[in-house]
Amino acid sequence: GFTSFAESLQPYDVVHVLNRFYALADGVMERHGGTIATYMGDGFMALFGVTAGDAPSLRAVRAGLDLIDAVAAWRSYLEPLHGRTLQVSVGVHAGRAVVGALGAGPSRIVTAVGDVVNTAARIEQANRSFGTRLLVSDKVARDLGDRLVAAPMPVIPLPGKTGVYELHAVEAVR
């Protein structure tokens with residue numbers, strides 16, 4: 001819902017809200033051992049497991065749940081100031097990616113590239129179809145096993161991907 005939120009604000013206010021959101025998100029990701037690698041308009045990609053640490057899938061799901069809670073708490077700031085609130089959705093997938101510098105000159109960034117990145121983005125988008133906030137791939141669900149409290153969703157195709165995917169709507173982690 002960020003597009004409709006942003007069209008009701010002045011551009012300066014949009015930048016302010018985005019910067020506050022990214023500061024909030026960065027703190028949440030960092031607490032769980034994740035790193036924001038790329039900002040994409042009103043979204044971002046966080047990486048877990050790039051540096052040493054146990055259970056990157058578990059840390060990513062916990063970070064997603066904490067982000068949802070943090071944004072919900074942020075509503076008390078946003079609503080009085082802008083008359084509207086925001087919600088976030090999260091998609092988590094696990095796999096291999098190439099992490100490194102991409103681009104040239106001053107526009108060069110460090111990011112992750114690979115099918116896992118594209119799949120995670122499509123999983124996040126699937127939240128709109130299901131009316132959920134945090135979806136994980138079947139691989140992540142298997143990685144977490146009985147630590148994950150989640151509801152299996154109907155199998156769906158993901159845009160731009162071949163085949164169908166079994167996703168899980170996360171309620172909590174143990």
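These questions and replies look at helix α2 in a predicted model.

Me: How do you know that α2 has the length expected of a helix?
Reply: Count and compare. Helix α2 covers residues 11-31, which is 21 residues. At 1.5 Å a residue, 30 Å is expected. From first C-alpha to last, α2 reaches 30 Å, close to that value.

Me: Which residues of α2 are called buried, and what makes them so?
Reply: Buried means under 20% relative accessible area. In α2, that holds for Val14, Val17, Leu18, Phe21, Tyr22, Ala25, Val28 and Met29.

Me: Why are these buried residues said to lie on the same side of α2?
Reply: They cover an arc of only 135° around the axis, so they sit on the same side of α2. In general, an α-helix has 3.6 residues a turn, so residues three or four places apart point the same way.

Me: What does the buried side pack against?
Reply: The partners are α1 (2-7), β1 (35-40), β2 (43-47) and α3 (56-82).

Me: Which residues of α2 are exposed on the face turned away from the buried side?
Reply: Tyr12, Ala23, Glu30 and Arg31. Exposed means over 50% relative accessible area.

Me: Why is α2 called roughly antiparallel to α3?
Reply: The two helices pack at an angle of about 150°, with axes 10 Å apart. Angles over 145 degrees count as roughly antiparallel, so the term fits α2 and α3. The contact includes Val17, Phe21 and Val28 of α2, and Leu67, Trp74 and Leu78 of α3.

Me: What comes just after α2?
Reply: Gly33, with a positive phi of about 80°.

Note on methods:
Residues numbered from 1 in each chain as written. Predicted model: local features only at pLDDT ≥ 70, side-chain atom pairs only at ≥ 80, totals over all residues. Heavy atoms only, no water. Helix = DSSP H or I, 4+ residues; strand = E, 2+ residues; numbered from the N terminus. Expected span 1.5 Å × (residues − 1). Buried < 20%, exposed > 50% of the residue type's maximum accessible area, 1.4 Å probe, protein only. Arc of directions from axis to C-beta. Contact = heavy atoms within 4.5 Å. Axes fitted to C-alpha atoms, helices over the stretch in contact; angles between N-to-C directions. Parallel < 35°, antiparallel > 145°, perpendicular 65-115°, else oblique.
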